[in-house]
Amino acid sequence: MILITGGARSGKSRLAEQFAAEQGDNVLYIATSIVTDEEMAQRIAIHQQTRPATWQTHEGFSQLGNVIRDRGAEHDAIMLECITTMITNLMFENTGDIPAETMDFTALENKINHQVDALIDSCRLCPCPVYIVTNEVGFGIVPENLLARRFRDIAGRVNQRLAAFADEVYLVVSGIELKMKG
């Protein structure tokens, strides 16, 4: 399990794609984004067009441990893009239109951690390398609203857990990677 983190547009996805491609042509790309508007649809389309034709794609953000467990032996590498988008989607899937002030963030984080535990377990047993991309959420300012602060807190703790279990961890800043672990 290789964790690649950095800020938005830092080059972390490019690095993960490079590492995955070095393993062979048979890569499973797990895409956690969902279409929420036209601009997001265009971003997803661009990502799809730039991936090698030999790569397979799984689109989804839930139960990704099962995907890795069930499909890992079929591939040279797996790339998961990205954990912070997965967390966002899991948060909104489990809360809907509930106002942030009434959300049970402890229960929500427990549900997310259950999925992260399964993801970590599957990565540890996977016969091929799994490259996980995540945003570093601790470099910015403290968000002004409760939901954004709680998201940052949950994402930061998930990133810490992933880094603790990862065999290698890279931080990418301005397109330059720094190996932090492994």
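Two strands pair if DSSP finds at least two bridges between them. That is the idea to keep in mind for the first close-up, and everything shown in these views comes from a predicted model.

**View 1. Strands β2 and β3 run side by side in parallel.** Four bridges join β2 (residues 27-31) to β3 (residues 56-59). To find one of the contacts, start at Leu 28 and look for Gln 56, its bridge partner in β3. Between the two strands the chain travels through α2, giving a β-α-β crossover that is right-handed.

**View 2. His 47 is the residue to look for in helix α2.** The helix spans residues 38-50. UniProt, in an unreviewed entry, lists His 47 under "active site", and such annotations may be inferred rather than shown by experiment. Is His 47 buried or exposed? Neither label quite fits: His 47 has a relative accessible area of 31%, so it counts as partly exposed, a class that sits between the under 20% of buried residues and the over 50% of exposed ones.

**View 3. Arg 51 lies over the face of Tyr 29.** Here's a spot where a charged side chain meets a ring: Arg 51 is at 3.6 Å from the ring centre of Tyr 29.

**View 4. Phe 19, Tyr 131 and Tyr 170 make up an aromatic cluster.** The structure holds three aromatic pairs. One of them brings Phe 19 and Tyr 170 together, with 5.1 Å from centre to centre and 55 degrees between the planes, a tilted arrangement. Phe 19 comes from helix α1 (residues 12-23) and Tyr 170 from strand β6 (residues 168-173), so this pair ties together parts that are 151 residues apart in sequence. How accessible are the two partners? Phe 19 is buried at 13% relative accessibility, and Tyr 170 is buried too, at 9%. Ring pairs also bring Tyr 131 into the cluster.

**View 5. A cis peptide bond links Glu 81 to Cys 82.** Its omega is near -5 degrees. Cys 82 is in the loop between β4 (77-81) and α4 (83-95). For context, most peptide bonds are trans.

**View 6. Arg 9 and Gln 63 are here for their backbone angles.** Most residues other than glycine have a negative phi. Arg 9, though not a glycine, has a positive phi of about 60 degrees. You'll find Arg 9 in the loop between β1 (2-6) and α1, where it counts as exposed at 66% relative accessibility. Gln 63 also has a positive phi, near 55 degrees. Gln 63 belongs to the loop between β3 and α3 (64-71), and with 41% relative accessibility it is partly exposed.

**View 7. The largest nonpolar core holds 34 residues.** In soluble globular proteins, nonpolar side chains tend to be buried together. Which members touch the most others in this core? They are Ile 68, Ile 83, Ile 87, Ile 112, Leu 119, Ile 132 and Leu 162. Two or more residues come from each of β2, α3, β4, α4, α5 (105-125), β5 (130-135) and α6 (146-165). Helix α5 gives the most to this core, with seven residues.

Methods
Residues are numbered from 1 along each chain as its sequence is written. This is a predicted model: local features need pLDDT of at least 70, side-chain atom pairs count only at pLDDT 80 or more; totals for chains, interfaces and linings use all residues. Side-chain values use heavy atoms; hydrogens and water are left out. Buried means under 20% relative accessible area, exposed over 50%, partly exposed in between (1.4 Å probe, protein chains only). A crossover is right-handed if, with the strands pointing away from the viewer, the path from the first strand over the helix to the second runs clockwise. Rings of Phe, Tyr and Trp (its six-membered ring) pair if their centres lie within 6.5 Å; planes under 30 degrees apart count as stacked, over 60 as edge-to-face and the rest as tilted. A charge sits over a ring if NZ of Lys or CZ of Arg is within 6 Å of the ring centre and within 35 degrees of the ring normal. A nonpolar core is a set of buried Ala, Val, Leu, Ile, Met, Phe, Trp, Tyr and Cys residues joined through side-chain atoms within 4.5 Å.
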